[in-house]
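Colleague: I am new to this structure and would like to understand its charged side-chain pairs. Could we go through them in turn?

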Amino acid sequence: MAWGSSNLKSCSKLLDRVESNDPNLTELVILPPPLKVFTCHDANRLATALTRDGRCKLKGLVIPHDLSDCLESIEIIGSSLVVNGESNIGLKELDIGNNTFGDAGAISLAGGIRLKRTGSLKPTTSLVSINLSGKGIAERGM
């Protein structure tokens, strides 16, 4: 598990480990602000790493940050939750966003899942738990 050092605000080193498929990194918790800064650029790096080659070892992902400006990345993360055919992607627990996640975040996450499910192979997911409580999601996002 990696929490990230609170004396370094950047998530760059943690994301380097995800991108390199570090076999020891199975859970990633990005510390909340002001301890860590997690930008849309970071969200893009993470989303790309999750979907790049099907070898990502992460089983748990927690990002308690404002991702309201990162909807495209949220959609890509959503698509990484569904695998078509053989893959080692295996996120079991997901907790992303904070009280600003809202309907737009939920719709983007679901949109990524929906896009991937339209493939020709039988889609599956390893997801066991997704935390959407306290995310500011109303009826439109359900």
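Modeller: Certainly; please note that this is a predicted model. A suitable starting point is Lys135, which forms a salt bridge with Asp95, the closest N and O atoms being 2.6 Å apart.

Colleague: How many residues apart are Lys135 and Asp95?

Modeller: Lys135 is in the segment after β6 (129-130), whereas Asp95 belongs to strand β4 (residues 93-96). The pair therefore links distant parts of the chain, and the separation is 40 residues.

Colleague: Are Lys135 and Asp95 buried or exposed?

Modeller: A residue counts as buried under 20% relative accessible area. By that criterion, Lys135 and Asp95 are both buried.

Colleague: Which residues are joined into one network by salt bridges that share partners?

Modeller: One of the salt bridges pairs Glu19 with Arg45, with the closest N and O atoms 2.6 Å apart. Glu19 lies in helix α1 (residues 12-19) and Arg45 in helix α2 (residues 40-51), so the pair ties together parts 26 residues apart in sequence. Through shared partners, the network joins Asp16, Glu19 and Arg45.

Colleague: Which residue of the salt bridge between Arg17 and Asp22 is buried?

Modeller: The side chains of Arg17 and Asp22 meet at 2.7 Å, N to O. Arg17 has a relative accessible area of 30% and is therefore partly exposed. The relative accessible area of the other partner is 16%, so the buried residue is Asp22.

Colleague: How many salt bridges are found in the whole structure?

Modeller: Side chains of opposite charge can pair when their charged atoms come close. A search of the whole structure gives a total of 4 salt bridges.

Conventions
Residues are numbered from 1 along each chain as its sequence is written. This is a predicted model: local features need pLDDT of at least 70, side-chain atom pairs count only at pLDDT 80 or more; totals for chains, interfaces and linings use all residues. Side-chain values use heavy atoms; hydrogens and water are left out. Buried means under 20% relative accessible area, exposed over 50%, partly exposed in between (1.4 Å probe, protein chains only). Helices (H or I, at least four residues) and strands (E, at least two) are DSSP runs, numbered from the N terminus.
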